[in-house]
Amino acid sequence: MLLWRNGGDKLLTNGVLYGTSPKQNSERSSKGMQTTTGCLWLTGRSGAGKTTLAEALRDIALAEGRPVEVLDGDAMRAQLSPKLGFSKADRDLHVQRVGQISSRLAIQGVLVIASLISPFEEAREKVRTLHAANGVHFGLVYLNATTEQCAERDPKGLYAKARQQGTADFTGLTQPYEPPQKPDLVLETGTHPLKDCLAELEAFARASRFL
């Protein structure tokens, strides 16, 4: 049974590329299995379900023999940006670093599913522009769940801890989350069950030729 859980606490693939090689992917296309590699960028508040959906979509791609990588924001921060804090400038820099990695992987024929809070519009749009400049297909997916909905769901008690300790720069509490102005897909993860959101995400990925 599919259930919501807290988003973003591990690197699901531990830096390993699963599935077929770019050559095999080319062979799939030559046989009429047309897909376009690229990046699906999942954004939303902590606890909105980003990693849960990224992992589920990754499993679908793996079952079909697709080369796929999940770039999880928290895990990537630990490995890529351990010295960065959570100020707007540091968050934006982290988003740009992940965006660079995403773009390079996609160029190599890997389907990238990035799951980051990425709370600021300007930083997200810079990532979109970067992918476009490199000829990489990009889809921005907004997981719409309010701070209250995420705090109620959060099994780790991150919101309660932040409120008790007055944590600075906590998205949704002491730092804003700017909803995307022009997302390619909106998933109502705050009110809809996981299976429905996953079905919408998969349908979008197929219609847009990510899968």
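Tryptophan 41 is a good place to start: this residue of strand β1 has alanine 114 of strand β3 as its bridge partner. The pair belongs to a longer contact between the two strands, since β1 and β3 (residues 111-115) run parallel and are joined by 4 bridges. Keep in mind as you look around that this is a predicted model.

Strand β1 has another neighbor to find. Strand β4, which covers residues 137-143, also pairs with β1 in the parallel sense, this time over 6 bridges. To see one of these links, look for glycine 38 in β1 and follow it across to histidine 137, its bridge partner in β4.

Now stay with β1 and ask how much of it is covered. The strand spans residues 38-43, and 6 of its 6 residues are buried. Here, buried means that under 20% of the relative accessible area is left. You can check this face by face: Gly38, Leu40 and Leu42 are buried on one side, while Cys39, Trp41 and Thr43 are buried on the other.

With that strand in mind, step back to the whole chain. It holds 8 helices and 5 strands. Reading from the N terminus, you will meet these elements in the order α-β-α-β-α-α-β-α-β-α-α-β-α.

How many of the 211 residues of the chain count as buried? The share is 51%. Contacts also reach across the sequence: among those with a separation of 6 or more, 80% link residues 24 or more positions apart. As for the outside, the chain exposes about 9,600 Å², and carbon and sulfur atoms supply 53% of that area.

Conventions. Residues numbered from 1 in each chain as written. Predicted model: local features only at pLDDT ≥ 70, side-chain atom pairs only at ≥ 80, totals over all residues. Heavy atoms only, no water. Buried < 20%, exposed > 50% of the residue type's maximum accessible area, 1.4 Å probe, protein only. Pairing = 2+ DSSP bridges. Contact = heavy atoms within 4.5 Å. Areas by Shrake-Rupley, 256 points an atom, 1.4 Å probe, with all protein chains shown as cover.
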